[in-house]
Amino acid sequence: MATRARADDPGVRAEVIGERATGSHDETTEFWAMLIAIVAILIAAAVSDSFGDRRAWLYVAIVATGYIVSRGLAKVGTDHLPGARRRVR
């Protein structure tokens, strides 16, 4: 039988306080990594003679698709609701 988190549980209270103080930043690391990779690909295409525009945009599309798929897979089956939308019993 699964144990439900209760409002008086110290772990739940700490998570709620942390989200209030910092906001819910579940995906910022992955987002910034994707953005840096895309910028690096576009800069490499701009300065290189052998790295074509079509190949660069293909790689940008691959990186963006990988990010979207990974975020979708990460959220499948989770019941994590940030902040006030969370139900605590």
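Here are some notes on this predicted model, going from the overall fold to a few side-chain contacts.

1. Overall make-up. The protein has three helices and zero strands, so in order from the N terminus you read α-α-α. Of its 89 residues, 13% count as buried. The exposed surface comes to about 7,200 Å², and carbon and sulfur atoms supply 63% of that.

2. Contacts along the chain. Take the contacts between residues at least 6 apart in sequence: 64% of them join residues at least 24 apart. Two side-chain pairs discussed below, Phe31 with Tyr67 and Arg71 with Glu30, link helix H2 to helix H3.

3. The aromatic pairs. Searching the whole structure turns up three aromatic pairs. One of them is Phe31 with Trp32, an edge-to-face arrangement with 5.4 Å centre to centre and 75 degrees between the planes. Another is Phe31 with Tyr67: here the ring centres are 6.4 Å apart and the planes sit at 65 degrees, so this pair is edge-to-face as well. If you wonder about that call, the angle cut-off for edge-to-face is over 60 degrees, and centres have to lie within 6.5 Å to pair.

4. What the Phe31–Tyr67 pair joins. Phe31 belongs to helix H2 (residues 28-47) and Tyr67 to helix H3 (residues 53-75), so the contact ties together parts that are 36 residues apart in sequence. As for cover, Phe31 is partly exposed at 34% relative accessible area, whereas Tyr67 has 13% and counts as buried. With Trp32 added, Phe31 and Tyr67 make up one aromatic cluster.

5. The salt bridge. How many salt bridges does a search of the whole structure find? Just one. Arg71 pairs with Glu30, and their closest N and O atoms are 3.9 Å apart. The cut-off is within 4 Å, so keep that in mind when you look at this pair. Arg71 is in helix H3 and Glu30 in helix H2, 41 residues apart, which makes this a link between distant parts of the chain. Arg71 counts as buried, with 13% relative accessibility, while Glu30 is partly exposed at 35%.

6. The nonpolar patch. Phe31 and Trp32 turn up again on the surface, in a nonpolar patch with Leu35, Ile36, Val39, Ile43 and Val47. Together these residues have about 690 Å² of accessible area. Among them, Ile43 lies in helix H2, and so does Phe31. Phe31 is therefore worth a look from both sides: Phe31 is part of this patch and also pairs with Tyr67 of helix H3.

Notes
Residues are numbered from 1 along each chain as its sequence is written. This is a predicted model: local features need pLDDT of at least 70, side-chain atom pairs count only at pLDDT 80 or more; totals for chains, interfaces and linings use all residues. Side-chain values use heavy atoms; hydrogens and water are left out. Rings of Phe, Tyr and Trp (its six-membered ring) pair if their centres lie within 6.5 Å; planes under 30 degrees apart count as stacked, over 60 as edge-to-face and the rest as tilted. Buried means under 20% relative accessible area, exposed over 50%, partly exposed in between (1.4 Å probe, protein chains only). Helices (H or I, at least four residues) and strands (E, at least two) are DSSP runs, numbered from the N terminus. Patches are made of residues with over 30% relative accessible area and no salt bridge: like charges are joined within 9 Å, nonpolar side chains (Val, Leu, Ile, Met, Phe, Trp, Tyr) within 5 Å. Accessible areas come from the Shrake-Rupley method with a 1.4 Å probe; for residues, only the protein chains shown count as cover. A salt bridge is a side-chain nitrogen of Lys or Arg within 4 Å of a carboxyl oxygen of Asp or Glu. Contact means heavy atoms within 4.5 Å.
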